[in-house]
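Here are some short exercises on aromatic rings, each with a worked solution. Have the structure open as you go.

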Amino acid sequence: MSTEIRPFRIDVPQRDLDDLIDRLTRTRWPEQLPGEGWSRGVPVAYLKEMAGYWRDGFDWREQEARLNAFPQFVTEIDGLDVHFLHVRSPEPDALPLILTHGWPNSVVEFTDLIGPLTDPRAHGGDPSQAFHVVAPSVPGFGFSAAPRTTGFGAADVGRMWAELMSRLGYERYGAHGGDLGAYITPAVAQADPEHVVGVHITGGIGFPTDEDVPDMNAEERAQYEEMRRWVGGGVDHHRLLRAAPQTFAFAWHDSPAGLLAWMMQKNKEFAINVDEPDQAIDRDLLLANVTLYWLTGTSGSSSWFMYESTEFRWPVGQDRVPTGVYCGPPAIRRLADRNNTIIHWPDSNPGGHFVAMDEPEALARDLRAFFDKVR
């Protein structure tokens, strides 16, 4: 197995961008169905306006340059090429930190977070709280190769990330993730507890199942009902991705409008505090992520984490190293404590589901607060 680490730079051929614009121009738009707002899915008028901006206003080359400002590399681990950003802090004693993005996201998720983490001095912070950041593209996402067989899971990625950090020479490091990253990040600690100093996730642990209901008190039952209202609506992508991801990948891969509609549907459901997704996350950042999926053709291959599942399960975490959670409630602390050694559980922090994109400074502060306890 090769352990070579090769430099990488994003350089999308202009013909691919021209093809995207041509497909957007020729979109065959459906009629708007009866119903108010988003009650039938993404409104036609909203998607037309967003697609028009994607075609005429969005600048991929600007986003490409932003990503290329971060040092990028590719290395082979377990037979798969893994793409990653590796941004070392100017502070020599910085703590290494591996960041794992969620679904349907990519390393674009961390565009505005990396600067405050690696160079707090330049962002009005304490240089003693700096991090060396490693942000890999999860297999099957972006520029990382997809798993070739079924049976691939979060534990496999956790072992790959441990190997990556070892290959980079980091003997002591932290791990952070959200969404899919909240499953993978604890798996890193399970694979490498001797070297991981702490696990920080944006949320997910402590979410009850129906089996937990009989033992709940009144306050916990109220929290449970609040969580059910949040997760019960919208499109059940877990069921869709375990049932027929290949079927839907034809549309996502062939039609940019189809891909955009799917991404806006999910981002609308994740952006629980606003009416439209680009009210929570900058429109150019949203479209940079959608464009990366389009250009790499990974809307289908990013569904591997659902191949073998029979039902949705919240992450349970791990008890090998200390855990910090960006936003605890409405998750139930008592349930989270069953499988985790939690030392950081704030009552509230700002932001929606993808905190790194809509509240990067707040997430950076919380990461510093947690890792100050375990450095």
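**Exercise 1.** In this predicted model, are Phe370 and Phe371 buried or exposed, and what kind of aromatic pair do Phe370 and Phe371 form?

*Solution.* Start with accessibility: Phe370 and Phe371 are both buried, a class that requires under 20% relative accessible area. Next, take the geometry. The ring centres of Phe370 and Phe371 are 4.7 Å apart, and the planes meet at 70°. Planes over 60 degrees apart count as edge-to-face, so the pair of Phe370 and Phe371 is edge-to-face.

**Exercise 2.** How many aromatic pairs does a search of the whole structure find, and why is the pair of Phe8 and Phe143 tilted?

*Solution.* The search finds 15 aromatic pairs. For Phe8 and Phe143, the centres lie 5.1 Å apart and the planes are at 55°, so this pair is tilted. Now place the two residues: Phe8 belongs to strand β1 (residues 5-8), while Phe143 sits in the loop between β5 (131-136) and α5 (154-167), so the pair ties together parts 135 residues apart in sequence. Finally, check accessibility. Phe8 is partly exposed at 25% relative accessibility, and Phe143, with a relative accessible area of 25%, is partly exposed.

**Exercise 3.** Which residues do ring pairs link into a cluster, and which ring faces do Arg283 and Arg375 lie over?

*Solution.* First, the cluster: ring pairs link Trp103, Phe152, Phe248, Trp252, Trp262, Trp304 and Phe305. Then turn to the arginines. Arg283 lies over the face of Tyr53, 5.4 Å from the ring centre. Arg375 lies over the face of Phe131, at 4.7 Å from the ring centre.

How values were computed:
Residues numbered from 1 in each chain as written. Predicted model: local features only at pLDDT ≥ 70, side-chain atom pairs only at ≥ 80, totals over all residues. Heavy atoms only, no water. Phe/Tyr/Trp six-rings, centres within 6.5 Å; stacked < 30°, edge-to-face > 60°. Helix = DSSP H or I, 4+ residues; strand = E, 2+ residues; numbered from the N terminus. Buried < 20%, exposed > 50% of the residue type's maximum accessible area, 1.4 Å probe, protein only. Lys NZ or Arg CZ within 6 Å of the ring centre and 35° of its normal.
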